[in-house]
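Here is a short tour for the bench. Have the sequence and the model open side by side as you read.

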Amino acid sequence: MPMPDKSTSSEATQAAAPETLSAARKIYPIVKYGDPILEKSTTPVKNFDADLGQLAEDMFASMYAAQGVGLAAPQIGLNLRVAVVDVTAGKNPEAKIVLANPEIIHAEGEKREEEGCLSIPGFRGYVLRPQFVTIKAQNAKGESFEIRGEDLLARAFCHEIDHLNGILFIQHLSMLKRDLIKRKIKKLKKQGEW
Ligand SMILES: [Zn+2]
């Protein structure tokens, strides 16, 4: 999920990951809408080994490079039930959350906000999400934890868990709005711009 539109470009620049961190990391290209992997459900994580830790850090680096606040494995072409979230976009290292095998265990309230997706660049739409969600997940070491998110964090959790189930935010839009976006993407593809 990209940073909300409210963020100014100067904030976006400051949010970039420190050079020293990103230099050692693999920056994955982000898979765009139209690739079937984005619409498939993912395989649960079983091996919590060093490779998974590496992958999670590479996903953070890739997400920061794309100025995102959330990234799910299918978005880098991997069928794996793992996502990363950092609503501070790299400003606070303590805000980094690895979500392996996440599930929503409680949701409360409603909030309608504009949302976008790194895999559907240039398009946004209003999506109704719970205002608060509590999720249960495992970290990169396989340790289980629960975390409650509010507003943008709750939205990021829902958006990324949707990705792990093969669901994109445009599926939450009206058919009219969704078809409009799909038509525009089709046109961009024809022009070789997608
Ligand atoms: Zn997304």
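## The metal site and the charged contacts

Cys117 is buried, with a relative accessible area of 3%. This is a predicted model, and in it Cys117 (SG) is one of the protein donors of the zinc ion, together with His159 (NE2) and His163 (NE2), at 2.0 to 2.2 Å. Along the chain, the zinc donors follow the spacing C-x41-H-x3-H. Cys117 sits in the loop between strand S4 (111-116) and strand S5 (124-129), while His159 belongs to helix H4 (residues 152-164), so the pair links distant parts of the chain, 42 residues apart. His159 is buried as well, at 2% relative accessible area.

Now to the salt bridges, of which the structure holds 9. Three of them are set out here.

| Pair | Closest N to O distance |
|---|---|
| Arg124 and Asp5 | 3.7 Å |
| Arg148 and Glu108 | 3.8 Å |
| Arg124 and Glu114 | 3.7 Å |

Arg124 lies in strand S5 and Asp5 in the segment before helix H1 (9-14), so their salt bridge ties together parts 119 residues apart in sequence. Asp5 is exposed, at 54% relative accessibility. Arg148 in strand S7 (residues 144-150) and Glu108 in strand S3 (residues 97-108) tie together parts that are 40 residues apart. Arg148 is partly exposed at 47%, and Glu108 is partly exposed at 36%. A network of salt bridges also links Glu115, Arg129, Arg155 and Asp162.

Finally, look at the surface: Lys177, Arg183, Lys184 and Lys187 form a positive patch. Lys184 is in helix H5 (residues 175-190) and is partly exposed, with a relative accessible area of 43%.

Terms used. Residues are numbered from 1 along each chain as its sequence is written. This is a predicted model: local features need pLDDT of at least 70, side-chain atom pairs count only at pLDDT 80 or more; totals for chains, interfaces and linings use all residues. Side-chain values use heavy atoms; hydrogens and water are left out. Patches are made of residues with over 30% relative accessible area and no salt bridge: like charges are joined within 9 Å, nonpolar side chains (Val, Leu, Ile, Met, Phe, Trp, Tyr) within 5 Å. Accessible areas come from the Shrake-Rupley method with a 1.4 Å probe; for residues, only the protein chains shown count as cover. A salt bridge is a side-chain nitrogen of Lys or Arg within 4 Å of a carboxyl oxygen of Asp or Glu. Lys and Arg count as positive and Asp and Glu as negative; His and the chain ends are not counted. The place of a charge is taken as NZ of Lys, CZ of Arg, CG of Asp or CD of Glu. Helices (H or I, at least four residues) and strands (E, at least two) are DSSP runs, numbered from the N terminus. Buried means under 20% relative accessible area, exposed over 50%, partly exposed in between (1.4 Å probe, protein chains only). Donors are N, O and S atoms within 2.8 Å of the metal (3.2 Å for Na, K and Ca); water is not among the atoms, so sites may look incomplete.
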